[in-house]
Number of protein chains: 2
Amino acid sequence: MTQTRRERLREVARTAVRDEIKAAAHRLMKTEGAAAVSLRAIARDLGMTAPALYRYYGSRDDLITALIVDAYTSQADWLQQACDMLAPDDHAGRLLMFGLVYREWSLAHPEDFALLYGTPIPGYHAPWEVTAPAAQRNMSIVLKLLDAAWQAGAITLAETYTRVPATFRRKLAEAAAAAGYDVPFSLLHFAMVAWGHLQGLISLELFGHLVLLGEQAGEVYRLEAEALVKCVGLKPSQRTYAILREFLQQQLRTGPVLN
Amino acid sequence: MTQTRRERLREVARTAVRDEIKAAAHRLMKTEGAAAVSLRAIARDLGMTAPALYRYYGSRDDLITALIVDAYTSQADWLQQACDMLAPDDHAGRLLMFGLVYREWSLAHPEDFALLYGTPIPGYHAPWEVTAPAAQRNMSIVLKLLDAAWQAGAITLAETYTRVPATFRRKLAEAAAAAGYDVPFSLLHFAMVAWGHLQGLISLELFGHLVLLGEQAGEVYRLEAEALVKCVGLKPSQRTYAILREFLQQQLRTGPVLN
DNA sequence: TCTGTAAGTTAACGGTGTTAACAGTTTATC
DNA sequence: GATAAACTGTTAACACCGTTAACTTACAGA
């Protein structure tokens, strides 16, 4: 099955071209907007003709799916790397870091954010079976964070997440089990709600609905992220911000190459 | 300047056609998805040719802008009407109702929601000066609600919104004043955050990121809406849900005609 | 050297937004 | 009532899009 080294070389070249195509698509998305990401434009950019791209991607939608998976991966990498800059037992720090980096990644990759959480490509519907695994990695990161803190007994959930209807508890526990998450249902509940809080603020900001707040949008978000940390009974530390700055500078250096 | 009755009749006919065009666009959006909303498809639907549409809308983007303004208006109508079904001094009820109806409208008009808060049309950028006033009406509704409760002394804001950096207070107060909102800065702060919370959950749900929660997404949202009401020191009442059901049935009867 | 495969090409189909030039009807004016 | 103007719609065309089919070209393996 694995062949002749010659064949493997060819495969390497193929994925190199595939990467070039994705890079061109990403470049166009960044400079001309999501609307300009057309197979013909990409081909022009690469000095090819459009039909040639079909040797590498079955269709425009396949290419977009690849871009989406890459975006999820980039996002997860940021989150994981940033959280890993803090001690494993610094639960408050890691949780706050997660929230803060979630916004930083979005601001640094607005087109990717739109690709994942808006619906910028008309007629495209993400194939669940391909994008869901990529998306789950992010969820896993935060759930692992929460679970670690939970195991360490560091978490005291606010009433909102403990005093809930019984059927809701049950159904949520079922959902968690079905998805293979081994965490208390209330943690899953909190994670979803927290995600919603952060997602909403970022989404509103990036799509231009918070112009009223101007520069203060970041401050609103920061307070929200800290509130969420407090919500599980943890105490956010200012030291986290210093490490965040360090992470961002590191990304600035290595970032632009392969986001 | 106002003319001859003849001219006014013509104007009426013109706006009637404009409405037909918007209706056709909306119909296509609902049945075939946002991708299918093309001038040619609309024209086909109306038994015309595409260039004829240019007599009524300067461009496709102008038409989309009109659809957006209509969507904002529909949303604001729902919110206003639903809140008005409760007594003016039922601050908790009105606030909870606002939150609940925000989701109900979104579920009932997913394409419009995407139009407002996603970015489903490629290459389209909403002209701020046209869409912002329409968008502000919704913000005004909730701010008026909050202010009424505030004036009545019914509101006790959680610490998150009172213990904030001094410069943040000042900048936010400036922003509020600049936008013509005569409310305490902390109310504006809370309104924005609350908006983010609700927006995030709806956005995640509608764009398919909460499939894990399944049916429970509604319950998560409900708990979140109640939490927000409690967050300003008000007590949500179960009676609100009965009135919500009443409102929704009323919308079901009159709704489909002109969304 | 011959052959098969892979990569890339051109040509074409049906779709899109948009413009220009033209026809038909209706309105206003002399 | 005839004539000019305004308005509403048409067709033809341009440049763009995703996609397919048929063809050329290079090149690795026998």
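**Domain packing and DNA contacts in a predicted model**

In this predicted model, A:Lys22 makes a salt bridge (a side-chain nitrogen of Lys or Arg within 4 Å of a carboxyl oxygen of Asp or Glu) with A:Asp70, and the closest N and O atoms sit 2.9 Å apart. Numbering starts at 1 along each chain as its sequence is written, with chains lettered from A and ligands numbered from 1 in the order in which they are written. Local features need pLDDT of at least 70 and side-chain atom pairs count only at pLDDT 80 or more, while totals for chains, interfaces and linings use all residues; side-chain values rest on heavy atoms, with hydrogens and water left out.

Chain A splits into domain 1 (1-58) and domain 2 (64-258), with bounds taken from an automatic or database domain assignment. The C-alpha centres of these two domains are 31 Å apart. Where they meet, seven residues of domain 1 are in contact (heavy atoms within 4.5 Å) with eight residues of domain 2. Together the two domains bury about 700 Å², 72% of it on carbon and sulfur atoms; buried area here is the accessible area (1.4 Å probe) that two parts lose on being put together, summed over both. On the domain 1 side, A:Lys22, A:His26 and A:Met29 lose the most area, together 62% of what that side buries.

As for the polar side of things, the rule finds one salt bridge across this domain interface. It also finds two residue pairs in polar contact, both at pLDDT 80 or more. A polar contact is a pair of N or O atoms within 3.5 Å; within protein, one must be able to donate a hydrogen and the other to accept it, and residues adjacent in sequence count only if both atoms are side-chain atoms.

Now for the DNA. Around strand C there are 19 residues, of which A:Thr49, A:Arg55, A:Tyr56, B:Leu39 and B:Arg40 come nearest; a residue is near the strand if one of its heavy atoms lies within 4 Å of it. Of the strand C atoms within 4 Å of the protein, 56% belong to sugar or phosphate and the rest to bases. Phosphate oxygens of strand C lie 2.5 Å from a side-chain N or O atom of A:Thr49 and 2.9 Å from one of B:Ser38. A:Arg10 places a polar side-chain atom 3.3 Å from a sugar or linking oxygen of the strand.
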